[in-house]
Amino acid sequence: GFFRPFFISIITSERLFIHFFIITMENLAASLRFFILFLIVQPSFGEEALPYKTYYIDAIKGNDAFTGQHPDNAWKTFQNIERTDFSAGGQILLRGNVIIQGSLTIDDVMATNESPLRISSYGGGRAVIESGETHGISISNSRFVRISNINISGAGRKSGNNSSGIVFYKVYDARIDSLQS
């Protein structure tokens, strides 16, 4: 035939597929060939391309209208976290020595052992989640979650609170380190 297409696929160290689609035109002359090259870069296996996203929560200086992706543009509450899709390697960082009211709820995060979802404090000291009569952190239908350097405080059992500090439901490989409740 006049056109002879073929594909070459390469997987890079960033786990991206690079696809080369090459078409050669051989009928013009034996020594003359034209090549058309299309380069398509896509994440492999449906994962997001690097870099991983980090979201910041600062109940004092934050604003839920901000992007949440830098300490100077931190969110004020957990409201946006619940609407955010997290991938492997993502982070949720709470400002240290600050009390954050409410409950942090995470659902359907398919992280990996090499790139877990991390929930921790930033900026010195531990963040405090004041959850009242609800769970401080609730994680469901997720994989590879790491929680560290956070304090959780609730209303207490004597006031009739039946909630737990942290709740896991259908979670594979969750780890907790340096947590006070």
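Which residue forms a salt bridge with D173, and how far apart are the closest N and O atoms? Keep that one in your heads for a second. The partner is R146, and those closest N and O atoms are 3.5 Å apart.

Before I go on, a word on what we're looking at. This is a predicted model. The chain has an average pLDDT of 75, and 69% of its residues score at least 70. That confidence isn't spread evenly: among the elements, strand 5 has the highest mean pLDDT, at 96, while strand 3, residues 34–43, has the lowest, at 41. And across residues 1–50 the pLDDT stays under 50. The model does have 77 contacts beyond four places in sequence for that stretch, but I'll leave it there and move on.

Okay, back to D173 and R146. Where do they sit? D173 is in strand 11, residues 166–180, and R146 is in strand 10, so this pair ties together parts that are 27 residues apart in sequence. As for the surroundings, R146 is buried, with a relative accessible area of 10%. D173 is partly exposed, because its relative accessible area is 23% and the buried class stops under 20%.

Now, D173 has another partner. R175 forms a salt bridge with D173 too, and there the closest N and O atoms are 3.1 Å apart. R175 is partly exposed, at 44% relative accessibility. Put these together and you get a network of salt bridges linking R146, D173 and R175. If you're wondering about the general idea, side chains of opposite charge can pair when their charged atoms come close.

One more thing about D173: have a look at its backbone. Its phi is near 60°, which is a positive value in a residue other than glycine. D108 shows this as well, with phi near 60°, and D108 lies in the loop between strand 7 and strand 8.

That loop brings me to a neighbour of our network. Which residues does N113 touch, leaving out those up to four places away in sequence? The list is F144, R146, D173 and R175, and three of those names are the members of the network, R146, D173 and R175. N113 itself is in the loop between strand 7 and strand 8, and it's partly exposed, at 40% relative accessibility. Its side chain makes a polar contact of 3.3 Å with the side chain of R146. In sequence, N113 and R146 are 33 residues apart, and from C-alpha to C-alpha the distance is 10.0 Å.

Let's move to another charged pair. The salt bridge count for the model comes to 3, and one of them joins D58 and R95, with the closest N and O atoms 3.0 Å apart. D58 is in the loop between strand 4 and strand 5, R95 is in strand 5, and 37 residues separate them, so to speak, as distant parts of the chain.

Is D58 buried or exposed? It's buried, since its relative accessibility is 3% and the cut-off for buried is under 20%. R95 is partly exposed, at 24%. D58 has company beyond R95, too. Not counting residues up to four places away, D58 touches A74, W75, K76, R95, V98 and Y122. Closer along the chain, the backbone nitrogen of K61 lies 3.1 Å from a polar atom of the D58 side chain.

Last stop: the greasy part. In soluble globular proteins, nonpolar side chains tend to be buried together. In this model, the largest nonpolar core has 28 residues, and the ones touching the most other members are I81, F86, L94, I106, I119, I137 and I147. The elements giving two or more residues to this core are strands 4, 5, 7, 8, 9 and 10. Strand 10, residues 137–154, gives the largest share, 7 residues.

Let me pick out F86 from that group. Which residues does F86 touch once we skip those up to four places away? They are Y55, I81, Q91, I92, I106, V109 and L117. Notice that I81 and I106 turn up in the list of best-connected core members too.

So, to wrap up with strand 10: it holds R146, the partner of D173 in strand 11, and it also gives 7 residues to the core. That's all from me, thanks!

Notes. Residues are numbered from 1 along each chain as its sequence is written. This is a predicted model: local features need pLDDT of at least 70, side-chain atom pairs count only at pLDDT 80 or more; totals for chains, interfaces and linings use all residues. Side-chain values use heavy atoms; hydrogens and water are left out. A nonpolar core is a set of buried Ala, Val, Leu, Ile, Met, Phe, Trp, Tyr and Cys residues joined through side-chain atoms within 4.5 Å. Buried means under 20% relative accessible area, exposed over 50%, partly exposed in between (1.4 Å probe, protein chains only). Helices (H or I, at least four residues) and strands (E, at least two) are DSSP runs, numbered from the N terminus. Contact means heavy atoms within 4.5 Å. A salt bridge is a side-chain nitrogen of Lys or Arg within 4 Å of a carboxyl oxygen of Asp or Glu. A polar contact is a pair of N or O atoms within 3.5 Å; within protein, one must be able to donate a hydrogen and the other to accept it, and residues adjacent in sequence count only if both atoms are side-chain atoms. pLDDT is the predictor's confidence in each residue, from 0 to 100.
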